Amino acid sequence: YEEAAAQGVVAGANAGRAAGAASRGEKPPPPFVMGRDESYIGVLVDDLVTRGTEEPYRMFTSRAEYRISLRADNADLRLTNKGVEYGLVTDTERIAALESREILIGDRLDRLKNFNLFVTDWSDRGGAELMGGAAAHKAGRQGNKKTAEQVLAMPHVTLQQVESIIHDVQKEAQSAVPEKEGEEHIVLSDEELKKVFSPMSVYDTVEAAVKYQSYMHRQHRDMESWRKAQGIRIPADLNYDHKSLSTLSKEEVEKLSTIKPTTFAEASQISGVTPQSLVYLYHFVTRRSKQRDQQKQEVQ
């Protein structure tokens, strides 16, 4: 099973490092540990160590509070450098390939941030419904600009569509006559123009980095507020029902109702209750408290 194999990877890595250090007469090395924000293996191991389990553990994406960041397309970016740091990755070609990919991804993201057009141009070139909407041509908006990054973040807009527009704009600029006499006119070759398009090796990562950016920021804010809320008490009269807590699973509602934790720290130790569900519960409790305070003020 994958869950058992995942534990074997971590155990094998630590055993190998310890054996290597012993053979060289060195002190035991620091343990190789993957955090919850680094990998699903980190989530799995942390759950088993801190919460335990009464039944066979299965790894679900819902167990990870950082699941938007834990994607297949960025696994090498998350873990290869960690492997290098702990001596688990030594293949120079693999390391060089990662460094090249990191540079290429950074270059593509910078290009998207730095390229901009008027909102009306995006709308005309990419389609009003897709990239502009009716608001793009409203009075007062004609002078507004948007970067390629902002346009790509829109629903249903793909990286290929955005890069095609960048390519067309740069190609048109090649034939433009310099506005001022003596002004330098840089001409790019067809090969250089084609470099506008992201190769398949980084396409998914670049697109996902832009598409999920706002969600990852919100995810980070939620987890920060959740960490600060660990000591906050949960009202004893809170009724755990699926109607009020619709995003929680029936299993989570049942366990919370049975155990009735007094603080969020206690709730976080309940096996089977995901961090994301606890964040939702935290927001529900804070909203409930604010509503009750408002009602008291109105009565007074």
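At roughly what angle do the axes of helix 4 (residues 92-114) and helix 8 (residues 159-175) cross? Select the two helices together in this predicted model, and you will find that their axes come within 12 Å and cross at roughly 65°. That angle makes helix 4 roughly perpendicular to helix 8, since values from 65 to 115 degrees are counted in that class. The crossing in which helix 4 passes helix 8 is left-handed.

**The contact of helix 4 with helix 8**

Show side chains next, selecting Arg108, Arg111 and Leu112 on helix 4, and Leu159, Val162, Glu163, Ile166 and Gln170 on helix 8, because these are the residues that make the contact, with heavy atoms within 4.5 Å. Coloured by chemical class, the residues of this contact divide into 4 nonpolar, 1 polar and 3 charged.

**Along helix 4**

Now keep helix 4 alone and follow it from end to end. At 1.5 Å a residue its 23 residues should span 33 Å, and the end C-alpha atoms are indeed 33 Å apart, which agrees. The buried residues to pick out in helix 4 are Leu98, Arg101, Ile105, Arg108 and Leu112; bring back the surroundings, and these buried residues are seen to pack against helix 3 (75-85), strand 2 (145-147), helix 7, helix 8 and helix 10.

Is Asn114, which belongs to helix 4, buried or exposed? With a relative accessible area of 61%, Asn114 is exposed. A distance drawn from the C-alpha atom of Asn114 to that of Thr263, 149 residues apart along the chain, comes to 47 Å.

**Along helix 8 and the loop before it**

Turn to helix 8, whose 17 residues should span 24 Å at 1.5 Å a residue, while its end C-alpha atoms are 25 Å apart, which agrees. The residues of helix 8 that are buried are Leu159, Val162, Glu163, Ile165, Ile166, His167, Val169 and Gln174.

Step back to the loop between helix 7 (148-152) and helix 8, and select His156 there. Most residues other than glycine have a negative phi. His156, although not a glycine, has a positive phi of about 70°, and at 71% relative accessibility it counts as exposed.

**A stop in helix 5**

Select Ser123, found in helix 5 (residues 119-126). Ser123 has a relative accessible area of 4% and is therefore buried, the cut-off being under 20%. How far apart in space are Ser123 and Asp91, C-alpha to C-alpha? They are 47 Å apart, with their positions 32 residues apart in sequence.

**Helix 10 and helix 11**

Two packed helices are described by the angle between their axes and the distance between the axes. For helix 10 (residues 200-211) and helix 11, the angle is about 55° and the axes are 4 Å apart. Helix 10 and helix 11 are therefore oblique to each other. To see the contact, select Ala208, Ala209, Val210 and Lys211 of helix 10 together with Gln213, Tyr215 and Met216 of helix 11; these residues divide into 5 nonpolar, 1 polar and 1 charged.

**A loop on the way to helix 14**

Move on to the loop between helix 12 and helix 13, where Lys260 lies. Lys260 is another residue to check for its backbone, since its phi is positive, about 50°, although it is not a glycine. At 45% relative accessibility Lys260 counts as partly exposed.

**Helix 14**

The tour ends with helix 14 (residues 275-299), whose 25 residues should span 36 Å at 1.5 Å a residue, in agreement with end C-alpha atoms that are 36 Å apart. Which residues of helix 14 are buried? They are Pro275, Ser277, Leu278, Val279, Leu281, Tyr282, Phe284, Val285 and Arg288, and what covers them includes helix 11 (213-228), helix 12 (250-259) and helix 13 (264-267).

Within helix 14, finish by selecting Tyr280, which at 23% relative accessibility counts as partly exposed. Leaving aside residues up to four places away in sequence, Tyr280 touches Ser244, Leu245, Ser246, Thr247 and Leu248. The C-alpha atoms of Tyr280 and Asp222 are separated by 9.2 Å, although the two residues are 58 residues apart along the chain.

Terms used:
Residues are numbered from 1 along each chain as its sequence is written. This is a predicted model: local features need pLDDT of at least 70, side-chain atom pairs count only at pLDDT 80 or more; totals for chains, interfaces and linings use all residues. Side-chain values use heavy atoms; hydrogens and water are left out. Axes are lines fitted to C-alpha atoms, for helices over the stretch in contact, and angles run from 0 to 180 degrees between N-to-C directions. Angles under 35 degrees count as roughly parallel, over 145 as roughly antiparallel, 65 to 115 as roughly perpendicular and the rest as oblique. A crossing is left-handed if the near helix is turned anticlockwise from the far one by less than a right angle, and right-handed if clockwise. Ala, Val, Leu, Ile, Met, Phe, Trp, Tyr, Cys and Pro count as nonpolar, Asp, Glu, Lys and Arg as charged, and the others, Gly among them, as polar. The expected span of a helix is 1.5 Å times one less than its number of residues. Buried means under 20% relative accessible area, exposed over 50%, partly exposed in between (1.4 Å probe, protein chains only).
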